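Reader: Can you walk me through this one? I have some questions about its fold and its charges.
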Amino acid sequence: YSLTRSLLSVFEEDAGMLTEYTNQLLQSMQRVFGAQSEMGLATEQLSQRLLEYEKKNFALGKGDEEVISTLQNFAKSVGELNSLHSELANQMADSMVFPLIQFREKDLTEISTLKEIFGIATDEHEAAMVKYSRLPKKKENEKLKADLVKEVAYTRRKQHQASLQYYCALNALQYRKRVAMLEPMLGYTQAQISFFKKGIELVSKKMDTFLSSVSNMMQK
């Protein structure tokens, strides 16, 4: 029994550390997701600001037609880039943040719940044992003794069932945590790779000629 309790304490300590680390890791991932979401909103606003130049009607804006046209092209390009940023934010939410939240809410919450149930069952069993041990050994107490024996047996079975569920969940957690730690980072990295591939395709195929023309215009 002492060996079981000692081993249980090791598993419980590990589960506690995992819970704390998961919360910290989730905060970091949510910060990355928040920053990426803000990047999408910021680039969308930038695109709108570029389009507003034409509407300002500057007093000395005569001859700005080329600038206006170029800014509109930039606004279109920024808008296309913004769609990539928005897509990346959505992928981060789905493949990085959500899996870790699911692990925390499902697996770690299950451990916490089963621990509470196990604790209650243990307390009930110990209370029944105490009542039985304090029963005076008199013949007139035979019926009460029989009732207490039944209560002890019932609470022991209840505690045994709760302990099995709790121990199995703690053991399973050791395997689930391996996937839980790796899955979000796999999703994050795949999302970034997809973002850069699409970005390179967008910039190299659609913008090279445009950017060269802008550079030439500025030099002139």
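**Charges and fold**

Author: This is a predicted model. Lysine 158 and glutamate 124 form a salt bridge, with their closest N and O atoms 3.0 Å apart. The pair links distant parts of the chain: lysine 158 is in helix 3 and glutamate 124 in helix 2, 34 residues apart.

Reader: Is lysine 158 buried or exposed?

Author: Lysine 158 counts as partly exposed, at 33% relative accessibility. Glutamate 124 also counts as partly exposed, at 31%.

Reader: Which residues are joined into one network by salt bridges that share partners?

Author: Asp107, Glu110 and Arg176. Within it, the closest N and O atoms of glutamate 110 and arginine 176 are 3.4 Å apart. That pair also links distant parts of the chain, with glutamate 110 in helix 2 (residues 65-133) and arginine 176 in helix 3 (residues 142-219), 66 residues apart.

Reader: How many salt bridges does the structure hold?

Author: It holds 8. One of them joins the side chains of glutamate 105 and arginine 104, at 3.1 Å from N to O.

Reader: And how many positive and negative side chains are there?

Author: The chain has 29 positive and 28 negative ones, and the centres of the two sets lie 8 Å apart.

Reader: Changing topic. How many helices and strands?

Author: 3 helices and 0 strands, in the pattern α-α-α along the sequence.

Reader: What is the radius of gyration?

Author: The chain has 32 Å, whereas a compact globule of 220 residues would have one near 17 Å. The C-alpha trace spans about 115 × 35 × 20 Å along its principal axes.

Reader: What share of the residues count as buried?

Author: 30% of the 220 residues.

Note on methods: Residues numbered from 1 in each chain as written. Predicted model: local features only at pLDDT ≥ 70, side-chain atom pairs only at ≥ 80, totals over all residues. Heavy atoms only, no water. Helix = DSSP H or I, 4+ residues; strand = E, 2+ residues; numbered from the N terminus. Rg over C-alpha atoms; globule rule 2.2 N^0.38 Å. Buried < 20%, exposed > 50% of the residue type's maximum accessible area, 1.4 Å probe, protein only. Lys, Arg positive; Asp, Glu negative; His and termini not counted. Charge placed at Lys NZ, Arg CZ, Asp CG, Glu CD. Salt bridge = Lys/Arg side-chain N within 4 Å of Asp/Glu carboxyl O.
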